[in-house]
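Ready for some practice with a protein model? Grab a pencil, look at the picture, and try each exercise before you read its solution.

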Amino acid sequence: MIKVRRTDIDTLRGVSVLAVVAFHVNNQIFTNGYLGVDLFFVISGYVITNSIIKNLDSGNFSFFKFYLKRAKRILPALLVVLFTTIVFASLILLLPDLKRFTESLISALAFISNIYFWSIGGYFSTNDELKPLLHLWSLSVEEQFYLFFPIFIFLIYKFFNKKKYYIIAIISVSILSFILNYKFLSSTEVVFFLFPTRIWQFGIGATFALIPNLKIKN
């Protein structure tokens, strides 16, 4: 199978990454740069949904292959980041900060960094510069999406196997997630870090991936 590189998707990914970097360089000038993370979640919803649907339609979908592909894509770079950070953290951080770093390291390996940093205040507490793995919260949200979404789509495929039901299910869950997001809007940490309040962003991307596949009569 010939893989076609989507330069439009790559460009959007680049924009989202640059926006986040710019925000961290100077959040007074690039005040909305953090929205790059939101954009990246939408892109992930689009790309992953396209991949799963194509494999389901061709009869080639496999949970093992899906998770193995994600692991090959993510783990090498993640392990390099973690190893490098361990070296510098052991040289720079004091013992109490090193203890918290170890906790964040374990949570990163378990892909629950978002939950860990939410529990300790994350971006909205003091001394964020002493949390060298803080940025991995978004990767944990991504991984939680990778874990649950294929199961969700597969169950719809198994029982209904019609594109319109995919969209109905995704939009329904996305609306529930958005309501949850709105409900906890005053609690910034919950809205920012936790997967349930981010599902609607993945859902937007998934919906755009499915719409062209609909066969609309009349």
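**Exercise 1.** Work out which residues of α3 meet which residues of α6 in this predicted model, and how the two helices are oriented.

*Solution.*
- Step 1: Start with the contacts. On the α3 side you'll find F63, F66, Y67, R70, I74 and L78. Their partners in α6 are L139, E143, Y146, L147, P150, I151 and F154.
- Step 2: Sort these residues by type. The contact of α3 with α6 has 11 nonpolar residues, 2 charged ones and no polar ones.
- Step 3: Now look at the axes. Helix α3 covers residues 63–92 and helix α6 covers residues 137–159; their axes come within 11 Å and cross at roughly 175°.
- Step 4: Angles over 145 degrees count as roughly antiparallel, so α3 is roughly antiparallel to α6.

**Exercise 2.** Describe the largest nonpolar core and find which element gives the largest share of it.

*Solution.*
- Step 1: Get the size. This core holds 42 residues.
- Step 2: Pick out the residues with the most contacts inside the core: they are I52, W137, F149 and I153.
- Step 3: See where the core comes from. Elements giving two or more residues to it include α2 (35–58), α4 (95–109) and α7 (163–183). The largest share, 8 residues, comes from α6.
- Step 4: Zoom in on F149. Skipping residues up to four places away in sequence, F149 touches I48, T49, I52, I170 and A206.
- Step 5: Put this in a wider setting. In soluble globular proteins, nonpolar side chains tend to be buried together.

**Exercise 3.** Decide whether F202 is buried or exposed, and list its contacts.

*Solution.*
- Step 1: Locate the residue. F202 sits in helix α9.
- Step 2: Check the accessibility. F202 has a relative accessibility of 1%, and buried means under 20%, so F202 is buried.
- Step 3: Find its contacts. Leaving out neighbours within four places in sequence, F202 is in contact with F41, S44, G45, V141, E142, F145 and F195.
- Step 4: Compare chain and space. F202 and Y157 are 45 residues apart along the chain, and their C-alpha atoms are separated by 19 Å.

**Exercise 4.** Say what the relative accessible area of R100 tells you, and which side chain R100 is joined to by a polar contact.

*Solution.*
- Step 1: Place R100. This residue is in helix α4.
- Step 2: Read the area. R100 has a relative accessible area of 42%, which lies between the 20% and 50% cut-offs, so R100 is partly exposed.
- Step 3: Name the partner. The side chains of R100 and D97 are joined by a polar contact of 2.6 Å.

Technical notes: Residues numbered from 1 in each chain as written. Predicted model: local features only at pLDDT ≥ 70, side-chain atom pairs only at ≥ 80, totals over all residues. Heavy atoms only, no water. Axes fitted to C-alpha atoms, helices over the stretch in contact; angles between N-to-C directions. Helix = DSSP H or I, 4+ residues; strand = E, 2+ residues; numbered from the N terminus. Parallel < 35°, antiparallel > 145°, perpendicular 65-115°, else oblique. Contact = heavy atoms within 4.5 Å. Nonpolar A, V, L, I, M, F, W, Y, C, P; charged D, E, K, R; others polar. Core = buried A, V, L, I, M, F, W, Y, C linked by side-chain atoms within 4.5 Å. Buried < 20%, exposed > 50% of the residue type's maximum accessible area, 1.4 Å probe, protein only. Polar contact = N/O pair within 3.5 Å; in protein donor to acceptor, adjacent residues only side chain to side chain.
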